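Dear colleague,

I am handing over the structure we spoke about, and below it you will find my notes on what turned up when I went through it. Please read them with the model open beside you.

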Amino acid sequence: MLGPQSSLVMYDEEYKRIMTLIEKLLRESNSNVIFLVDKNGQLIAATGETEHLDTTSLASLTAGNIAATGGLAKLIGEKEFSILFHEGEKDNIHISIIGGRVILVVIFDQRSSLGLVRLRVKKASIELGVILADLIRKTEIHDEAPGVDSPFAEITDDDIDNLFN
Amino acid sequence: MSFINYASREINCKIVYYGPGLCGKTTNLQYIYNKTAQDAKGKMISLATETERTLFFDFLPLALGEIRGFKTRFHLYTVPGQVFYDASRKLILKGVDGVVFVADSQEERLDANIESLENLKDNLEEQGYQLEKLPFIIQYNKRDLPNCTPVEELRKLLNPDGVPDLEACAATGEGIFETLKAVAKQVLIDLKKGS
Ligand SMILES: Nc1nc2c(ncn2[C@@H]2O[C@H](COP(=O)(O)OP(=O)(O)O)[C@@H](O)[C@H]2O)c(=O)[nH]1
Ligand SMILES: [Mg+2]
């Protein structure tokens, strides 16, 4: 597991594997939107009908939601609630935690069902867990040799000042 | 904890504005939101009570521009300042890359500032962070008010380690972007070191 101060890093290879997996999950679960969020609220990947969605806000609120229910769980002596489900009039949200670190969100309507989503999510979670474990291993190797291949090793004061113009 | 995405060439960092209730954290974010170009900001989300006190957090995503071909995004969060929201404050500190402590310069808020700063240290330590090792800026806010404690005195009480600090008036915007820039700079320098 990553320490609190280490960065999450995403590489092309794992990103492609993740996209392939959530696109498949989208089809097989008949859902509308799927996204993957880091527990700290950063959006990792999204697929489906995302054009009209504010995915950045969704990511932040999802993480806040998981954090709050995780706090509730601790208070009653549970480790965490690994699955959350919110039912709306048209759309529903299924949220699950993968590998303790990443949040999988599935938005679906009456074209699917909770049972189907649950089943497909369960299967996809195992594969996602494997990809995430690979990613964490890569990140750790990267952390042992900090800055070597980092594009940020060469940041200058000018680069930073330019951001605020 | 920053998120470096080589696939989409993005880097995301989380900055938390901390401080006692009513010191001006939400006002900081509102000013930044109002003065930022449409294409550089996302929606500002405020989870607040009906009387506009922050209940859980305010959230403002900013896309500042590119560094070395990477889109640089900062996610700004505020915490609820009131003492009884401590559980929520802890949650929001998770994965933080940089902290701004907003102090309320009014004399009668001196104790509240000290208490909140202690609370920040405790809550960070509980999660395995040390404030001394994080990018950290102190902002002395509400300098426009007549009943302000002199800055030298605030500095002595709140900033014994001499971290970068500056005066501000969130109501008019004075010092607000300077604060953001100061913390963002430290976060990026940290990244450069490959923390
Ligand atoms: N005079 C003055 N009032 C301020 C300043 N900054 C914030 N305020 C006011 O202080 C009150 C609390 O601000 P708010 O941002 O909600 O505080 P928060 O609890 O830290 O989020 C509001 O009425 C603000 O308008 C300032 O620099 N000067
Ligand atoms: Mg507030």
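Please keep in mind that this is a predicted model. I begin with two helices of chain B, α1(B) and helix α5 (residues 176-193), which pack at an angle of about 95° with their axes 10 Å apart. That angle makes α1(B) roughly perpendicular to α5(B). On the α1(B) side the contact is made by Asn28(B), Tyr31(B) and Ile32(B), and on the α5(B) side by Ile176(B), Phe177(B) and Leu180(B). Of the residues in this contact, five are nonpolar and one is polar, while no charged residue takes part.

Ile32(B) appears again in the largest nonpolar core, which has 62 residues, and there it is one of those with the most contacts inside the core, a group that also includes Ile44(A), Leu104(A) and Leu76(B). Leu76(B) in turn touches, among residues more than four places away in sequence, Ile32(B) and Leu180(B), as well as others including Tyr17(B), Leu29(B) and Phe59(B). A second, separate core of 29 residues includes Tyr18(B), Ile45(B), Val79(B) and Leu134(B).

Helix α1(B) also has a part in the metal site, where the magnesium ion (ligand 2) is coordinated by the OG1 atoms of Thr26(B) and Thr54(B), at 2.0 to 2.1 Å. Thr26(B) lies in helix α1 (residues 25-34) and Thr54(B) in strand β4 (residues 54-67), both of chain B, so the pair ties together parts that are 28 residues apart in sequence. Thr54(B) is buried, because its relative accessible area is 11%.

With best wishes

Note on methods: Residues are numbered from 1 along each chain as its sequence is written. Chains are lettered from A and ligands numbered from 1 in the order in which they are written. This is a predicted model: local features need pLDDT of at least 70, side-chain atom pairs count only at pLDDT 80 or more; totals for chains, interfaces and linings use all residues. Side-chain values use heavy atoms; hydrogens and water are left out. Donors are N, O and S atoms within 2.8 Å of the metal (3.2 Å for Na, K and Ca); water is not among the atoms, so sites may look incomplete. Helices (H or I, at least four residues) and strands (E, at least two) are DSSP runs, numbered from the N terminus. Buried means under 20% relative accessible area, exposed over 50%, partly exposed in between (1.4 Å probe, protein chains only). Axes are lines fitted to C-alpha atoms, for helices over the stretch in contact, and angles run from 0 to 180 degrees between N-to-C directions. Angles under 35 degrees count as roughly parallel, over 145 as roughly antiparallel, 65 to 115 as roughly perpendicular and the rest as oblique. Contact means heavy atoms within 4.5 Å. Ala, Val, Leu, Ile, Met, Phe, Trp, Tyr, Cys and Pro count as nonpolar, Asp, Glu, Lys and Arg as charged, and the others, Gly among them, as polar. A nonpolar core is a set of buried Ala, Val, Leu, Ile, Met, Phe, Trp, Tyr and Cys residues joined through side-chain atoms within 4.5 Å.
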